[in-house]
Amino acid sequence: MAGRINDDDVRAVRDAVPIDAVVSEYLQLRSAGGGNLKGLCPFHDEKSPSFQVSPSKGLYYCFGCQEGGDTVDFVMKIDHLSFAETIERLASQAGITLRYEEGGYTPGRQQGERTRLVEAHKAAAQFYVEQLDGPEAEIGRKFLAERGFDQAAAQHFGVGYSPAGWDHLVRFLRGRGFTDQELILSGLAQESRRNPIDRFRGRLMWPIRDITGEVVGFGARKLRDDDNGPKYLNTPETPLYKKSHVLYGIDLAKKDIAKTSRAVVVEGYTDVMACHLAGVTTAIATCGTSFGGDHIKILRRLLMDNASAEVVFTFDGDAAGQKAALRAFEDDQKFAAETYIAITPGGMDPCELRLAEGDDAVEALVESRTQLFEFAIRQIIARHNLDTAVGRAAALEEAAPIVAGIKNRSIQHESAVHLAGLLGILDTQFVVRRVSQLARWARERGRGAGGDQRGRGDQRGGPGDGGPRQRHRGGPEAQGAPAPPRGPRLDLRSPAHRAERELLKCALQHPQLVSPTFDAFGADEFTAPPYARVRAAIAEAGGAAAADADYLLQVRDAAPDDTVRGLILELTVEPLALPKRRQREVDQAYVGQWLAAVRLQAVDRRIGEVHAAVQRLGLHADAASLAALQEELRALQVYREGLRARGAEAL
């Protein structure tokens with residue numbers, strides 16, 4: 001059984017790795033104001049950014065799907081890791097040596113499965129790189145040189161060579177402490193009659209990295225005629241490698257994709273190399289599969305669904321390339337970005353083009369792009385006989401839906417006019433009306449299907465009125481216990497709810513400013529039960545006055561269920577409602593106005609309760625009881641006037 005990681009080391013890992021640095025490995029982040037960052041949520045599809053990161057708090061929260069947590073929670077969720085595996089990965093990045101409570105450290109026994117597979121791939125990649133310098137790999141070096149790649153290019157992309165023998169890599173990794181079971185599970189080896197053998201033998205090797213730069217698989221190119229395998233052999237599906245979830249070159253291209261708002265999709269490993277060396281550093285490629293929905297999600301998070309962003313597909317001009325382009329166009333509506341196609345001349349791929357005509361030709365290819373919808377329209381029109389009325393009508397009915405699907409309305413209108421000209425239809429307005437009709441029907445179908453119902457959590461009550469979320473470390477919900485009851489809807493049009501929400505945000509985000517006054521507030525001063533439960537969690541964690549470096553973690557741990565934990569995260573990450581005219585710094589005056597507002601509302605409620613009690617006593621009331629109520633009423637009214645006049649000073 002694996003040893004338990006030392007608590008101090010876990011705390012050190014949490015503190016050492018900034019959450020914005022980790023999250024930005026997976027998606028583009030932009031300023032959201034108030035020191036927060038925002039991006040497209042990696043855990044659900046959305047059209048506008050509702051995912052926010054608070055670097056100062058070390059937390060993230062999505063106001064659309066209510067996923068949230070700290071750096072550890074994020075990595076666990078996005079990479080499907082256990083808690084221990086996540087700590088081990090982050091510790092490795094931060095250069096922290098972990099201590100295990102139960103005896104000495106034995107990597108093969110104590111590291112998590114995924115961590116072990118990553119380490120095996122890292123070692124294998126280095127092994128293959130070293131083999132490329134040997135005599136046997138001369139054929140591989142020649143292959144690269146013939147395609148314009150020198151030693152520096154091979155090193156930049158980590159290209160290596162797998163020896164032709166049966167078990168060179170297996171024996172090497174066994175010497176590093178990896179078991180046969182781990183080697184087979186990783187896809188680096190395969191079973192044979194006696195012992196595992198290398199999966200890749202006598203081939204040129206490209207390491208396939210995920211978006212964070214970790215090697216998760218390999219692409220292997222056949223070099224010899226006596227190799228009876230396929231031209232390209234990829235790692236099989238493993239716990240690390242899912243071909244529909246990886247893009248070759250994404251680790252190198254992600255920053256420039258986010259910076260330039262452009263991604264260039266090519267068809268092979270050498271094409272990615274050629275593009276990057278030619279200056280097109282946003283090039284990426286799929287790994288043995290067609291470009292699909294999961295690849296789109298990766299790019300959308302980097303492009304931030306910027307309507308002016310571009311995705312450029314490069315395909316050969318032959319029939320297969322045209323078919324691939326039309327298949328890519330089927331997913332056009334999944335992008336907010338505009339999609340383009342760049343047809344390589346003479347059937348050359350980018351690698352061949354660079355070799356024949358130089359780096360400038362590759363850059364020119366990308367710049368000569370054509371919008372993908374225009375390419376699709378021309379392909380459709382080419383299938384019909386436009387010399388006949390029947391042919392023109394059939395072409396219109398097939399091409400008009402494509403024009404109707406163009407996201408930019410002004411371009412849609414121009415393209416409808418252009419379509420009429422391509423078809424030779426003199427009544428241009430007839431074509432424009434037909435396209436407009438189809439576009440309207442498509443919009444109505446979208447609304448009828450529910451459209452995009454996602455929104456900010458504070459507009460619909462957030463996790464306080466929604467179902468519970470699974471907690472990564474396991475809570476009562478994870479163990480099959482009944483889910484906590486759904487909280488009442490939080491009506492933020494209510495001044496009371498707005499004030500309570502803002503005060504709790506202040507207490508979580510700036511505890512030093514609300515203490516010690518806030519700690520004297522009772523949970524009964526919060527009218528919304530979800531807010532009362534957050535107040536109780538703060539009290540159980542020691543209150544705002546006792547806030548230290550672990551304050552937020554202690555408050556979250558004090559929450560009774562995942563619903564309250566989710567609301568705590570939401571309130572911690574949500575920006576304060578500072579007026580635009582104010583400086584963005586939170587001060588004592590801002591916090592004081594919410595302390596006074598919540599207390600004033602509580603006093604008003606109590607005054608109403610006392611008035612009602614006096615009325616219930618009636619004319620025959622006990623004199624002592626009536627006098628006590630009237631005295632309380634007078635005291636409350638004086639207190640209320642003081643709060644109205646002097647605000648937080650009267651608390």
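**Exercise 1. Charges over rings**

Determine which ring the charged end of R147 sits over, and how far it is from the ring centre.

*Solution.* In this predicted model, the charged end of R147 is found over the ring of F143, at 3.6 Å from the centre of that ring. A further case involves R369, which lies over the face of Y340 with a distance of 5.1 Å to the ring centre.

**Exercise 2. Classifying an aromatic pair**

Among the 22 aromatic pairs of the structure, take F51 and F74, classify the geometry of their rings, and state where the two residues lie in the chain.

*Solution.* Step one is the geometry: the ring centres of F51 and F74 are 6.2 Å apart and the planes stand at 55°. Planes under 30 degrees apart would count as stacked and those over 60 as edge-to-face, so a pair in between is tilted, and the pair of F51 and F74 is therefore tilted. Step two is the location: F51 belongs to strand β3 (residues 51-54) and F74 to helix α3 (residues 71-79), so that the pair links distant parts of the chain, 23 residues apart. Step three concerns the surroundings, where both F51 and F74 prove to be buried. Finally, ring pairs join F51 and F74 with Y26, F43 and Y60 into a cluster.

**Exercise 3. A pair between two strands**

Classify the pair formed by W206 and Y232, and decide for each residue whether it is buried, partly exposed or exposed.

*Solution.* The ring centres of W206 and Y232 lie 6.5 Å apart with their planes at 50°, and the pair is therefore tilted. The pair again links distant parts of the chain, since W206 is in strand β9 (residues 203-209) and Y232 is in strand β11 (residues 232-234), 26 residues apart. As for accessibility, W206 has a relative accessible area of 0% and is therefore buried, whereas Y232, with a relative accessible area of 32%, is partly exposed.

**Exercise 4. Packing of two helices**

Describe how helix α1 (residues 7-16) packs with helix α4 (residues 83-94), giving the angle and the distance between the axes, and then name the residues that meet.

*Solution.* The two helices, α1 and α4, pack at an angle of about 60° with their axes 9 Å apart, which makes α1 oblique to α4. The crossing in which α1 passes α4 is left-handed. On the side of α1, V10, V13, R14 and A16 take part, and they meet F83, I87, L90, A91 and A94 of α4.

Key
Residues are numbered from 1 along each chain as its sequence is written. This is a predicted model: local features need pLDDT of at least 70, side-chain atom pairs count only at pLDDT 80 or more; totals for chains, interfaces and linings use all residues. Side-chain values use heavy atoms; hydrogens and water are left out. Rings of Phe, Tyr and Trp (its six-membered ring) pair if their centres lie within 6.5 Å; planes under 30 degrees apart count as stacked, over 60 as edge-to-face and the rest as tilted. Helices (H or I, at least four residues) and strands (E, at least two) are DSSP runs, numbered from the N terminus. Buried means under 20% relative accessible area, exposed over 50%, partly exposed in between (1.4 Å probe, protein chains only). A charge sits over a ring if NZ of Lys or CZ of Arg is within 6 Å of the ring centre and within 35 degrees of the ring normal. Axes are lines fitted to C-alpha atoms, for helices over the stretch in contact, and angles run from 0 to 180 degrees between N-to-C directions. Angles under 35 degrees count as roughly parallel, over 145 as roughly antiparallel, 65 to 115 as roughly perpendicular and the rest as oblique. A crossing is left-handed if the near helix is turned anticlockwise from the far one by less than a right angle, and right-handed if clockwise. Contact means heavy atoms within 4.5 Å.
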